[in-house]
Amino acid sequence: MKMLLHMCCGPCSAFPVKHLRELGHELTGYFYNPNIHPYKEFARRLETSREFAAKAGLPLIVEPEYTLEDFLSRALAGPQGRCRECYELRLRRAARYAKANGFACFTTTLLVSPYQQHDVIRELGEAIGREEGIAFHYIDFRPGWQEGVQISKDLELYRQPYCGCIFSERDRYYKPRKENGQHAGRI
Ligand code: SF4
């Protein structure tokens, strides 16, 4: 099947690309991730995605715009939490691109991560697919998570330390002060 693969980053693409190719699918990567902050981190992950695509021989479409205000306002206002808004934004854009450019279906590398809200991604992908008139190809890539980590290390890809948005960066590094006035973490 001619499939558009939304890529959240290079490392998370490693196992899905291998697995989908083994199943015989014809893949094109699609990078659209305005949720990555700050901009230098976005640029680094985009560059790593290009590096992975070149090493894997994967055609790659890049949506380079960086709509920070739009992302933040959606993330803060989303009644069901920022991650749902984040998934919806990226999956809808991928679905529309796939529909407009003759793909049979679309899917996302977000389905490989044990740290993402897997069931929400599936539910949203299938709903958006119905609304946009293009099939969402669901696969649980999570059993291949460790294999993907190893492939990304073998390819010497940059592996990011937090999910993407500025909130997740805060959650990764900020530790509340202990009662003696010392920070518990590294800042
Ligand atoms: S934590 Fe990750 S999935 Fe959730 S809003 Fe931030 S970047 Fe998006």
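**View 1. A cis proline in the loop between S2 and H2.** Here we look at Pro38, which sits in the loop running between strand S2 (26-31) and helix H2 (39-56) of this predicted model. The peptide bond that joins His37 to Pro38 is cis, with an omega of about -10°. Most peptide bonds are trans. His37 turns up again in the view of Leu72, as one of the contacts of Leu72.

**View 2. Glu156 and its positive phi.** A second backbone detail to pick out is at Glu156, in the loop between H6 and H7. Glu156 is not a glycine, yet its phi is positive, at about 60°. Most residues other than glycine have a negative phi. The relative accessible area of Glu156 is 66%, so Glu156 counts as exposed, the cut-off being over 50%.

**View 3. The shell around the ligand.** Which residues surround the ligand? They are Asn35, Arg82, Cys83, Cys86, Tyr87, Gln116, Cys163, Gly164, Cys165 and Ser168. Helix H4 (residues 82-100) is the biggest contributor to this shell, supplying four residues. Sorted by type, the shell around the ligand holds five nonpolar residues, four polar ones and one charged one. Several of these residues are worth keeping in mind for the other views: Gln116 and Cys163 also lie among the residues nearest the centre of the largest pocket, Tyr87 belongs to the largest nonpolar core, and Ser168 is one of the buried residues of helix H7.

**View 4. The largest pocket and its lining.** The largest pocket offers about 480 Å³ of space. Its lining is made up of 26 residues, and those nearest the centre are Ser113, Tyr115, Gln116, Gln160 and Cys163. By type, the lining divides into 17 nonpolar, six polar and three charged residues. Helix H1 (14-22), H4 and helix H6 (145-154) are each represented in the lining by at least two residues.

**View 5. Tyr115 beside the centre of the pocket.** Let us stay with one of those central lining residues, Tyr115. Tyr115 is placed in the loop between strand S4 (105-108) and H5. Is Tyr115 buried or exposed? Tyr115 is exposed, because its relative accessible area of 68% is over 50%. Cys163 lies 48 residues from Tyr115 in sequence, with 8.6 Å between their C-alpha atoms.

**View 6. The largest nonpolar core, with Phe52 picked out.** This core has 45 residues, and the members that touch the most others are Leu20, Phe52, Leu58, Tyr87, Leu91, Phe106 and Phe141. H4 provides the largest share of this core, with seven residues. If neighbours within four places in sequence are left aside, the contacts of Phe52 are Met7, Gly10, Ser13, Ala14, Val17, Leu58, Leu155 and Leu157.

**View 7. Two buried residues of helix H5.** Helix H5 (residues 118-132) includes His118 and also Ile128. Why does His118 count as buried? Its relative accessibility is 4%, and buried means under 20%, so His118 falls in the buried class. Beyond its neighbours within four places in sequence, His118 contacts Leu111, Tyr138, Asp140 and Arg142. Ile128 is buried too, with a relative accessible area of 1%. Not counting residues up to four places away in sequence, Ile128 touches Glu88, Leu91, Arg92, Ala95 and Phe106. One of these partners, Ala95, is 33 residues away from Ile128 in sequence, at a C-alpha to C-alpha distance of 7.3 Å.

**View 8. Helix H7 and its cover.** Phe167, Ser168 and Tyr173 are the buried residues of helix H7 (residues 166-173). Their cover includes helix H3 (68-77) and H4. From helix H3 we can follow Leu72, which is partly exposed at a relative accessible area of 25%. Leaving out neighbours within four places in sequence, Leu72 contacts His37, Ile166 and Phe167. Leu72 and Ile166 are 94 residues apart along the chain, and their C-alpha atoms are 9.2 Å apart.

**View 9. Glu85 on helix H4.** We finish with Glu85, a residue of helix H4. With neighbours within four places in sequence set aside, the contacts of Glu85 are Arg74, Gly78 and Pro79. Leu4 lies 81 residues from Glu85 in sequence, and the two are separated by 21 Å from C-alpha to C-alpha.

Notes:
Residues are numbered from 1 along each chain as its sequence is written. This is a predicted model: local features need pLDDT of at least 70, side-chain atom pairs count only at pLDDT 80 or more; totals for chains, interfaces and linings use all residues. Side-chain values use heavy atoms; hydrogens and water are left out. A residue is near a molecule or strand if one of its heavy atoms lies within 4 Å of it. Ala, Val, Leu, Ile, Met, Phe, Trp, Tyr, Cys and Pro count as nonpolar, Asp, Glu, Lys and Arg as charged, and the others, Gly among them, as polar. On a 1 Å grid over the protein atoms alone, a cavity is a set of points where a 1.4 Å probe fits but cannot get out, and a pocket is an open set with protein on both sides within 12 Å along at least five of seven lines; lining residues have an atom within 4 Å of a point. Grid points are joined across faces, edges and corners, and a volume is the space filled by probe spheres set on the points. A nonpolar core is a set of buried Ala, Val, Leu, Ile, Met, Phe, Trp, Tyr and Cys residues joined through side-chain atoms within 4.5 Å. Buried means under 20% relative accessible area, exposed over 50%, partly exposed in between (1.4 Å probe, protein chains only). Contact means heavy atoms within 4.5 Å.
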